[in-house]
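Trainee: Got a minute? I'd like to go through this model with you.
Mentor: Sure. Put it on the screen and ask away.

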Amino acid sequence: MLSLSSFQTLYLGSRIHLAKRPECEPDLYYNWKQDFSINIMIVSDRRLHIVHYFIGASGSAHEKRVFRCSELPEVLSKAEAGLFILGM
C-alpha cells in the first residue's frame with residue numbers, strides 16, 4: 001500500500017506519443033495535439049523515487065480523469081490532515 005506520510009511529493013502527468021494509429025478505437029487515443037497517445041501519471045518523493053504510477057489511460061482523457069481512475073484518490077483520502085495537491 002502506498003503511503004504518502006513524511007514525503008514531499010511531485011506529481012507528473014504526461015502523454016506518451018504512439019508511433020502509429022491504434023487499430024482498436026483510435027478516436028480514444030487522439031489528443032488535443034492532433035496525434036495519438038496514452039497518458040502516464042507519476043508521483044515521486046523528494047529524492048525522485050517513484051512511489052506511485054498509473055499508465056494506460058487514452059490520450060484523449062483529461063489529467064483529472066487519469067487521476068480519478070488511479071488508486072491515488074483513495075490513498076489521499078486516508079492520508080493525514082494537511083496534505084495538499086497543487087496544480088490539478
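Trainee: Is Gln 34 buried or exposed?
Mentor: Gln 34 counts as exposed because its relative accessible area is 62%. The cut-offs are under 20% relative accessible area for buried, over 50% for exposed, and partly exposed in between, with a 1.4 Å probe and protein chains only.

Trainee: Where is Gln 34 found?
Mentor: In the loop between H1 and E2. Its phi is near 65 degrees, a positive value in a residue other than glycine.

Trainee: What should I know about the model itself?
Mentor: It is predicted, so local features need pLDDT of at least 70 and side-chain atom pairs count only at pLDDT 80 or more, while totals for chains, interfaces and linings use all residues. Residues are numbered from 1 along each chain as its sequence is written, and side-chain values use heavy atoms, with hydrogens and water left out.

Trainee: How do the elements of the chain run?
Mentor: From the N terminus on, β-α-β-β-α-α. That comes to three helices and three strands. Both are DSSP runs numbered from the N terminus: helices are H or I with at least four residues, strands are E with at least two.

Trainee: Which residue has a positive phi in the loop between E1 and H1?
Mentor: Glu 25, which sits in that loop. Its phi is about 50 degrees, and it is not a glycine.

Trainee: And Arg 21, buried or exposed?
Mentor: Exposed, because its relative accessible area is 54%. Arg 21 is in the loop between strand E1 (10–17) and helix H1 (26–29).

Trainee: What does Arg 21 touch?
Mentor: Pro 26 and Phe 36, leaving aside residues up to four places away in sequence. Contact means heavy atoms within 4.5 Å. The C-alpha atoms of Arg 21 and Ser 37 are 8.9 Å apart, with the two positions 16 residues apart along the chain counted as their separation.

Trainee: Switching to the strands. How many bridges join E2 to E3?
Mentor: Seven, and the two strands run antiparallel. Strands pair if DSSP finds at least two bridges between them. E2 and E3 form a hairpin with five residues between them. Leu 48, in the turn, has a positive phi of about 65 degrees.

Trainee: What stands opposite Ile 42?
Mentor: Tyr 53 in E3. Tyr 53 counts as exposed because its relative accessibility is 57%.

Trainee: Which residues make the nonpolar surface patch?
Mentor: Ile 50, Tyr 53 and Ile 55, at about 350 Å². Patch residues have over 30% relative accessible area and no salt bridge; nonpolar side chains (Val, Leu, Ile, Met, Phe, Trp, Tyr) are joined within 5 Å, like charges within 9 Å. A salt bridge is a side-chain nitrogen of Lys or Arg within 4 Å of a carboxyl oxygen of Asp or Glu.

Trainee: How many residues of E2 are buried?
Mentor: Seven of its eight.

Trainee: What makes up the largest nonpolar core?
Mentor: Eight residues: Met 41, Val 43, Ala 57, Ala 61, Val 66, Phe 67, Leu 72 and Leu 76. Strand E2 (37–44), helix H2 (63–69) and helix H3 (72–77) each supply at least two of them. A core is a set of buried Ala, Val, Leu, Ile, Met, Phe, Trp, Tyr and Cys residues joined through side-chain atoms within 4.5 Å.

Trainee: Which residues does Ala 61 touch?
Mentor: Arg 15, Asn 39 and Val 66, not counting residues up to four places away in sequence.

Trainee: Last one. What share of the chain is buried?
Mentor: 28% of the 88 residues.

Methods. Accessible areas come from the Shrake-Rupley method with a 1.4 Å probe; for residues, only the protein chains shown count as cover.
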